[in-house]
Amino acid sequence: MNRKIYLPIFLFFYSALSIFATGSSTLYSDIRPISINDRAVILCHTRFSKNPSGGLFVPDVEYGFCISANDTILQFMTKVVSIDNLIEYSQLNDKAYQKFEQERKIMDSIYETDFSISETYRKEYQLQLKQFGFNKSNVQLFYKEDTLFVKDYLKQFGNKKTFIQKSSNNGVADEIVSAKIIRTYDFGDIIIFYNQEVGGCDGSEYDIGAYFKYENKISDYDVGYDCQHVNDVYFKKITNYNSII
């Protein structure tokens, strides 16, 4: 199945199930490129959600966009869809969950929208986008969606310490967990990878790429997340963009 279609569907399928059953702690961090400017700075939509305990609740979903350049991911939050804001009389009910799903679907549609007609972001963040020079949706030429061997990249760039991958909400790759990784977009100096670490999940999926360090403290001990699905930004070459970031 084409992951471009598969990921958005799978990403939030768990949210409906989380109401009825406890399970593994889970984190989803999505990055979708939508524009590149003439200085090779990348604009992306972002979507982030986590369930630290695997408990009986509906996790918030954070939406926004990020600008990637010079070994930096600069994030802008646009909306948090939270069921806590929709619950009536302090009780989770079908009506609240339906409202949550409606808001989430609206924001998902914006997340999936190309930059050329994404007016919401342009109106609310006009100054920032004008400063960076984004003016059109032009990333399809860089779309790859292929599977690569991690060892080939390690040979090219030296060792694991130089293969630094960053994701939204300050995530950093902590450990390579498989021999393969999925390259979704390749802009030359900036590459977008997809990773999943599912050793602690139910089911028959397999690990891909790297495990990311996201804090999840229980009794002052950071236990991390059992299941992760993360799109990251890898900076192949660092360019001095002092005037940009």
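**Figure 1. Cys44 and Cys66 in the predicted model, a cysteine pair without a bond.** In this predicted model, the cysteine sulfur closest to that of Cys44 belongs to Cys66, at 4.4 Å, which is too far for a bond. A disulfide would require the two sulfur atoms to lie within 2.5 Å. Cys66 is likewise in no disulfide, its nearest cysteine sulfur being that of Cys44. Cys44 is buried, with a relative accessibility of 0%. The value for Cys66 is also 0%, so Cys66 counts as buried. Over the whole structure, the search for disulfides returns zero.

**Figure 2. Tyr97 and Phe100, a stacked aromatic pair in helix α2.** The ring centres of Tyr97 and Phe100 are 6.1 Å apart, and the planes make an angle of 20°, which places the pair in the stacked class. Both residues belong to helix α2, which spans residues 94-111. Tyr97 and Phe100 are three residues apart in that helix, and therefore about one helical turn separates them. Phe100 is buried at 0% relative accessibility. Tyr97 has a relative accessibility of 16% and counts as buried because the limit is under 20%. By the ring-pair rule, the model holds seven aromatic pairs, among them this one.

**Figure 3. Phe142 and Phe187, a tilted aromatic pair between two loops.** The centres of the Phe142 and Phe187 rings lie 4.8 Å apart, with 35° between the planes, and the pair is classed as tilted. Phe142 sits in the loop that runs between α4 (126-132) and β5 (143-149). Phe187 sits in the loop between β8 (180-186) and β9 (190-197). The pair therefore ties together parts that are 45 residues apart in sequence. Phe142 is partly exposed, at 24% relative accessibility, whereas Phe187 is buried, at 11%.

**Figure 4. The ring cluster that contains Phe142 and Phe187.** Ring pairs join Phe142, Tyr143, Tyr185 and Phe187 into a cluster. The tilted contact between Phe142 and Phe187 has a centre-to-centre distance of 4.8 Å. Strand β5 covers residues 143-149, and strand β8 covers residues 180-186. Within the cluster, Phe187 has a relative accessible area of 11% and is buried, while Phe142 is partly exposed.

**Figure 5. Two charged side chains over aromatic faces.** Arg47 lies over the face of Tyr111, at a distance of 4.1 Å from the ring centre. Lys151 is placed over the face of Phe149, at 5.9 Å from the ring centre. Helix α2 covers residues 94-111, and strand β5 covers residues 143-149.

**Figure 6. The protein chain as a whole and its low-confidence ends.** Five helices and 13 strands make up the secondary structure of the protein chain. Of its 245 residues, 47% are buried. Among contacts with a separation of 6 or more, 67% are between residues 24 or more positions apart. The accessible surface is about 12800 Å², and carbon and sulfur atoms account for 51% of this area. The mean pLDDT is 79, with 74% of residues at 70 or more. Residues 1-21 have pLDDT under 50 throughout, and the model gives this stretch 50 contacts beyond four places in sequence. Residues 240-245 also stay under 50, with 17 contacts beyond four places in sequence.

Definitions and conventions
Residues are numbered from 1 along each chain as its sequence is written. This is a predicted model: local features need pLDDT of at least 70, side-chain atom pairs count only at pLDDT 80 or more; totals for chains, interfaces and linings use all residues. Side-chain values use heavy atoms; hydrogens and water are left out. Helices (H or I, at least four residues) and strands (E, at least two) are DSSP runs, numbered from the N terminus. Buried means under 20% relative accessible area, exposed over 50%, partly exposed in between (1.4 Å probe, protein chains only). Contact means heavy atoms within 4.5 Å. Accessible areas come from the Shrake-Rupley method with a 1.4 Å probe; for residues, only the protein chains shown count as cover. pLDDT is the predictor's confidence in each residue, from 0 to 100. Rings of Phe, Tyr and Trp (its six-membered ring) pair if their centres lie within 6.5 Å; planes under 30 degrees apart count as stacked, over 60 as edge-to-face and the rest as tilted. A charge sits over a ring if NZ of Lys or CZ of Arg is within 6 Å of the ring centre and within 35 degrees of the ring normal.
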